[in-house]
Amino acid sequence: MTDTAATAPARPSRRLPPMSVLGPVLALIILIAVGAMLNPNFLSYANISNVLSRSAFIGIIAVGMTFVITAGGLDLSVGSMAAFIAGLMILVMNAALPSLGVGLPVILLGIATALVAGLVAGLINGLLITRAGIEAFIVTLGAMGIYRSLVTWLADGGTLSLAFELRTFYRPVYYGGIMGVSWPIIVFIAVVILGEIFMSRGVFGRHVAATGASLEVAHYSNVNTNRVRLITYVVLGLLVGVATIMYVPRLGSASSTTGLLWELEAIAAVIIGGTVLKGGFGRVWGTVIGVLILSLIENILNLTDLVSPYLNGAVQGVIIILAVILQREGKTGK
Amino acid sequence: MTYAGKILLTASALALSTGAALAQDTTVIGVSIPAATHGWAGGMNFHAQQTVARLEETYPQLDFVLATASNAAEQVNDIEDMVATRNIAALVVLPFESEPLTGPVQALSQAGTWITVVDRGLSVEGIEDLYVAGDNPGFGRVAGEYFTEAMPDGGQIVVLRGIPTTIDNERLAGFEGAIEGSGIEILAAEHGNWNRDDSFTVMQDFLSRYPNIDAVWASDDDMAVGAMAAIDAAGREDIQFVLGGAGMKEMIQRTMEGDAMVPANVTYPPAMIATAIEMTAVGMVSNAPVSGQFTIGSVLITQENAERFYYPDSPF
Amino acid sequence: MTPFLALDNVSKSFGPIEVLHGISLQLRAGEVHALIGENGAGKSTTMKILAGYQPATSGAIRLEGQAIAFPTMRAAEERGIVMIHQEFNLAEPLTVEQNMFLGRELRRGPFLRRAEMARQTRTQLDRVRCRAETDALVRDLSNSDKQMLEIAKALSREAKLLIMDEPTAVLTPNETEILFEQVRELRAQGAAVLFTSHKLDEVKAIADRVTIMRDGRVVHSGPASEMTEHQMAEAMVGRELSDLYPDRAVQASGAVVLRVRDLDVPGHASGIGLELHKGEILGIAGMVGSGRTEAMEGLCGLRPAKGHVEIDGQAVTIRRPSDALSRGLCYLTEDRKTRGLLLGKSMRENVTLQAIPRTAGVMIDRAAEEAVLDRAIADFDIRAGARSVKAGNLSGGNQQKLLLAKVMQSDPRILIVDEPTRGIDIGTKQQIYRFLRDLAGQGLSVIVVSSEMQELIGLCDRVMVMREGRITGQVTGQDINERAIVRLAMGLAEAETSPRREDAYHD
């Protein structure tokens with residue numbers, strides 16, 4: 001019900017932000033405090049840098065996933081896609097090595113391969129979903145199996161390794177950085193900033209949210225919903241490519257276990273961050289918090305002997321659920 | 001989760017057509033193994049495919065059907081399919097997990113099918129006609145003995161464990177038994193799941209947690225690769241060596257070349273599947289006695305004998 | 001006689017805002033009670049308190065004289081109080097029969113008595129003369145069938161008090177008459193009935209007693225026979241209500257801005273031809289299901305269509321909504337809840353969705369957005385408690401104004417409005433009519449699709465009538481009357497109308 005008085009043009013008053021905003025932040029702060037209490041090395045530069053760098057892959061992908069989910073979609077194929085792109089990149093770079101020699105051109109070729117492959121993979125998912133009208137769950141579940149098999153096949157069931165000379169040359173892309181901040185972190189931050197701006201301030205973000213909130217209303221409001229959804233999948237594919245560019249120099253190899261369960265971690269991070277799974281509302285900064293929560297749990301469990309390693313999964317599960325419960329405004333489900 | 005679908009060998013697909021004509025006099029052998037989800041399994045898949053292809057040529061009267069499964073339930077389905085559609089006379093199975101497969105395999109055995117079990121034993125004894133296995137406690141023991149030898153004054157080590165399974169537990173138990181009383185202290189043991197990325201993460205956190213680590217038992221070469229990448233990145237000089245296991249070709253090569261970080265390796269040959277398939281085939285076509293238990297011991301590889309264990313063609 | 005259910009000085013607050021101020025109301029057995037008022041006057045909240053959906057903040061609720069508080073709607077239902085919502089409370093993916101017995105399925109042990117439930121469902125539907133199949137999915141029913149199903153469902157519960165929130169908004173006149181027959185029967189059986197409606201002629205026709213609310217207060221309560229429709233309307237609005245419809249402009253037959261020929265919307269309409277002049281308001285009449293909405297949606301690129309369209313004398317191809325919008329052709333949907341507004345989003349996000357103010361092409365200009373909302377609130381007199389209110393929490397009339405404001409953001413030159421006043425109060429209606437007439441006065445061209453005959457007669461310069469996907473004729477100026485339109489809509493009198501050029505385009 002509404003008040004009958006005419007709407008006052010007053011701006012919202014300054015009060016404590018709602019729990020939906022505070023919740024994930026609070027969960028993260030608690031986690032950091034617990035970590036710092038349990039192990040003095042937790043807040044060390046090295047540990048923080050480690051955690052952030054390895055969060056970057058899932059983080060970059062999760063930013064893309066935020067757009068897909070906000071538009072009412074889903075992509076289960078990103079983990080396998082990352083593995084496949086990593087395998088492809090390694091094969092292409094190894095193949096080009098004799099003609100191009102060790103140097104920037106080979107790396108650029110690898111990067112281009114990853115970006116193009118990601119773009120094409122995202123495009124295929126998006127077209128099947130928007131043009132052929134197949135459920136996103138089915139399309140991307142199928143794609144997940146296909147890419148996973150393809151990388152196993154490319155690797156002959158084993159591991160694809162980047163030529164040793166190249167590995168040394170490419171290595172700094174994961175391990176190096178500027179002023180002590182490693183490249184994966186820098187790229188992650190850049191992707192997050194861009195993502196946040198487009199989501200909350202961009203026309204595209206508004207269209208994505210409208211599409212996810214109601215396809216019909218969006219359609220009747222002159223939003224090209226098919227194009228919006230297609231773009232979210234393409235952007236996600238491209239970001240999987242970017243993540244892979246950061247991933248390959250870390251171990252210089254790809255196998256059928258690369259990127260395992262990344263899709264679920266990315267989706268979990270998005271939801272922990274407060275994006276609505278059924279679409280209509282999304283926030284990129286929340287996703288970042290979700291990613292950090294997930295990787296900090298793992299980090300803390302490794303840094304301490306609190307629980308049996310057999311129970312790691314249970315601890316993660318409990319914290320994920322708690323983080324989401326924290327967001328609720330004290331209201332119970334109807 | 002890997003979503004490796006069932007891969008039926010082209011050979012067996014082709015065999016379907018010829019097999020129909022020769023149905024009377026061909027014997028079908030089913031091979032059911034886990035999918036190539038990590039390096040060792042990849043090697044095992046490679047050897048299985050190679051052996052099947054080779055044996056089909058050698059013995060025209062034999063027909064093989066190979067299926068890979070990514071979990072125990074899928075493996076049970078595979079075996080049911082083999083029985084229902086191919087009427088297999090023998091089954092070579094590397095159980096994904098012991099418990100869930102014991103029942104179905106036992107039923108098959110009671111129906112008169114020849115059973116060869118590889119690597120992981122079933123929960124009930126006496127089901128299989130032939131058991132070909134690696135020696136998991138021995139694998140841990142050999143590794144442990146190497147540590148006591150390499151670190152006569154004791155020291156502090158960390159352990160990367162595999163996927164939580166019986167195999168992993170037996171290995172760790174063997175290892176702990178061997179280092180008992182040697183002054184070697186295990187600081188921590190976490191699961192790296194026989195996976196490079198996971199072991200990288202775990203090792204990074206170990207490095208943050210312990211300012212001094214003398215050595216690492218990675219218990220698997222894939223995990224050793226991940227652990228060494230983490231050590232490299234951290235620039236830590238305190239770690240003297242990383243002992244992997246299973247004999248991945250790149251690691252053997254490093255041992256061969258005298259890399260101080262990779263001074264040794266312990267075998268756990270994925271080729272044991274080849275031994276098992278071959279012995280089963282021989283049992284099907286001849287009267288040679290092949291039943292019984294066949295353990296493939298774990299051997300320590302050092303720079304001196306590394307060349308004997310180097311297979312550059314294998315993917316593993 | 002003790003009233004069956006009574007509110008005694010009931011107030012209701014949401015947070016710090018009090019929306020009902022001391023409401024008293026008596027509902028008696030064997031009496032039909034109409035609750036009327038403008039959107040936002042507090043009718044819905046009052047009904048929700050009566051039906052146990054929401055607790056009162058203060059005051060007493062008396063059931064047959066006893067003070068009572070219903071902890072849940074179910075508790076109220078057990079006492080014979082049944083409410084039918086404006087938004088249907090039906091499970092869309094289930095069948096008619098499953099909905100009829102939802103939550104109180106007939107069973108024998110663990111098994112459902114399917115045949116018996118189907119039989120009883122048929123009986124109940126026949127009672128309200130609803131022809132829907134018992135095994136049809138509710139999703140596939142028309143709005144009126146859904147409404148009849150809701151009513152049948154309520155009747156089957158042997159309600160002592162039936163509360164209906166705008167039951168006739170989506171019904172055809174014929175269906176409305178069937179509903180009223182049922183209501184009269186219920187009254188004869190001694191049930192109490194409370195309903196709201198914006199159609200005052202209906203109130204006059206069926207209500208024994210009328211209670212009028214304004215701004216969260218009861219301003220009048222008494223026998224319906226004592227008031228004329230006009231007096232009711234004035235009491236609702238709280239001021240002298242001059243003529244509901246604005247004066248027609250001097251018949252300005254400007255240049256033709258839109259010319260449509262042979263427009264086919266597969267499955268819904270075919271051979272549609274029309275001309276629209278500058279400054280004209282053209283009505284499109286026809287029964288529900290005659291293809292009016294679909295034809296207009298096809299014209300605006302919202303659904304697949306083929307045909308020849310000229311705007312300002314130039315042939316244009318319209319494949320998607322953006323093609324139409326870029327030429328100043330804009331459609332306002334009849335279905336504001338599922339097609340018009342994002343109910344879970346703020347007014348700001350809704351009002352700019354169709355034409356988001358941008359900086360640098362891709363970024364949203366937030367300051368401009370706020371300004372747009374400020375202007376929309378002022379221009380369209382949108383009444384919401386706060387700016388941050390979600391569109392779904394606005395009353396129907398304010399939602400409609402917000403929707404109108406949204407559509408106007410894209411600066412249309414040709415505006416097609418579909419059912420512009422469905423389910424909204426008379427005061428807001430008057431505002432919307434004024435607004436549309438003003439637009440025409442400013443040289444825009446307007447097409448009004450409507451099921452309300454009076455609206456077409458009062459507002460339009462010309463009315464075209466559709467039947468079964470085709471245009472059956474048109475009436476102009478002084479000739480616009482109910483009889484002429486109905487005859488065309490029923491397919492009775494094609495020849496009676498003065499043929500105009502458009503007629504050459506069909507048949």
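This talk walks through a predicted model of three chains, A, B and C, beginning with how they meet and ending inside chain C.

Good morning. Let me start with the arrangement of the chains. There are 2 pairs of chains in contact, and of these, chains A and C share the most contacts. Chain B and chain C do not touch, and their nearest C-alpha atoms lie 33 Å apart.

I turn to the interface of chain C with chain A. Here 49 residues of chain C are in contact with 34 residues of chain A. In general, the size of an interface is often expressed as the accessible area lost when the parts come together. For chains C and A that area is about 3,400 Å², with 58% of it on carbon and sulfur atoms. On the chain C side, C:Arg339, C:Leu353 and C:Ile364 lose the most area to chain A, and together they account for 15% of what that side buries.

The polar part of this interface comprises 3 salt bridges and 11 residue pairs in polar contact. One salt bridge runs from C:Arg339 to A:Glu216, with the closest N and O atoms 2.6 Å apart. Several elements of chain C each supply at least two residues to the side that touches chain A, among them strand E2 (17–27), helix H1 (43–50) and helix H12 (347–352). Helix H13 of chain C gives the most, with 5 residues. By class, this side of chain C has 20 nonpolar, 13 polar and 16 charged residues.

Within this interface, please look at A:Arg206. This residue is placed in helix H9 of chain A, residues 203–213. Is A:Arg206 buried or exposed? Its relative accessibility is 7%, and because the limit for a buried residue is under 20%, A:Arg206 counts as buried. Leaving aside residues up to four places away in sequence, A:Arg206 touches A:Met199 and a group of chain C residues, including C:Arg348, C:Leu353, C:Ile356 and C:Ile364. The side chain of A:Arg206 also makes a polar contact of 2.5 Å with the side chain of C:Glu369. As for the helix around A:Arg206, 9 of the 11 residues of H9 in chain A are buried, so this helix is largely enclosed by the rest of the structure. Among the buried residues are A:Val203, A:His207, A:Val208 and A:Thr211.

The other interface joins chain B to chain A. In this case 34 residues of chain B are in contact with 38 residues of chain A. The two chains bury about 3,000 Å² between them, 47% of it on carbon and sulfur atoms. There are 2 salt bridges across this interface, and 15 residue pairs are in polar contact. In one of the salt bridges, the side chains of A:Arg250 and B:Asp197 meet at 2.7 Å, N to O. Strand E7 (184–191), helix H7 (196–209) and helix H8 (221–234) of chain B each supply at least two residues of the side that touches chain A. The largest share, 10 residues, comes from helix H7 of chain B. That side of chain B has 13 nonpolar, 12 polar and 9 charged residues.

I now move to the interior of chain C, and to helix H15. This helix covers residues 426–441 and reaches 22 Å from its first C-alpha to its last, close to the 22 Å expected. At its N-terminal end, C:Asp425 acts as a cap, with a side-chain oxygen 3.0 Å from the backbone nitrogen of C:Gly427. After the helix comes C:Gly443, whose phi is positive, near 100 degrees. Why is H15 described as largely enclosed by the rest of the structure? The reason is that 12 of its 16 residues are buried.

One of those buried residues is C:Lys429, with a relative accessible area of 7%. C:Lys429 forms a salt bridge with C:Glu452, the closest N and O atoms being 3.4 Å apart. This pair links distant parts of the chain: C:Glu452 sits in the loop between strand E22 (445–449) and helix H16 (453–459), and C:Lys429 in helix H15, 23 residues apart. C:Glu452, at 23% relative accessibility, counts as partly exposed.

Finally, salt bridges that share partners join A:Arg206, C:Arg348, C:Glu349, C:Arg366, C:Glu369, C:Glu370, C:Asp374 and C:Arg387 into one network. Thank you.

Technical notes. Residues numbered from 1 in each chain as written. Chains lettered and ligands numbered in written order. Predicted model: local features only at pLDDT ≥ 70, side-chain atom pairs only at ≥ 80, totals over all residues. Heavy atoms only, no water. Helix = DSSP H or I, 4+ residues; strand = E, 2+ residues; numbered from the N terminus. Buried < 20%, exposed > 50% of the residue type's maximum accessible area, 1.4 Å probe, protein only. Polar contact = N/O pair within 3.5 Å; in protein donor to acceptor, adjacent residues only side chain to side chain. Contact = heavy atoms within 4.5 Å. Buried area = accessible area lost by both parts, 1.4 Å probe. Salt bridge = Lys/Arg side-chain N within 4 Å of Asp/Glu carboxyl O. Nonpolar A, V, L, I, M, F, W, Y, C, P; charged D, E, K, R; others polar. Expected span 1.5 Å × (residues − 1).
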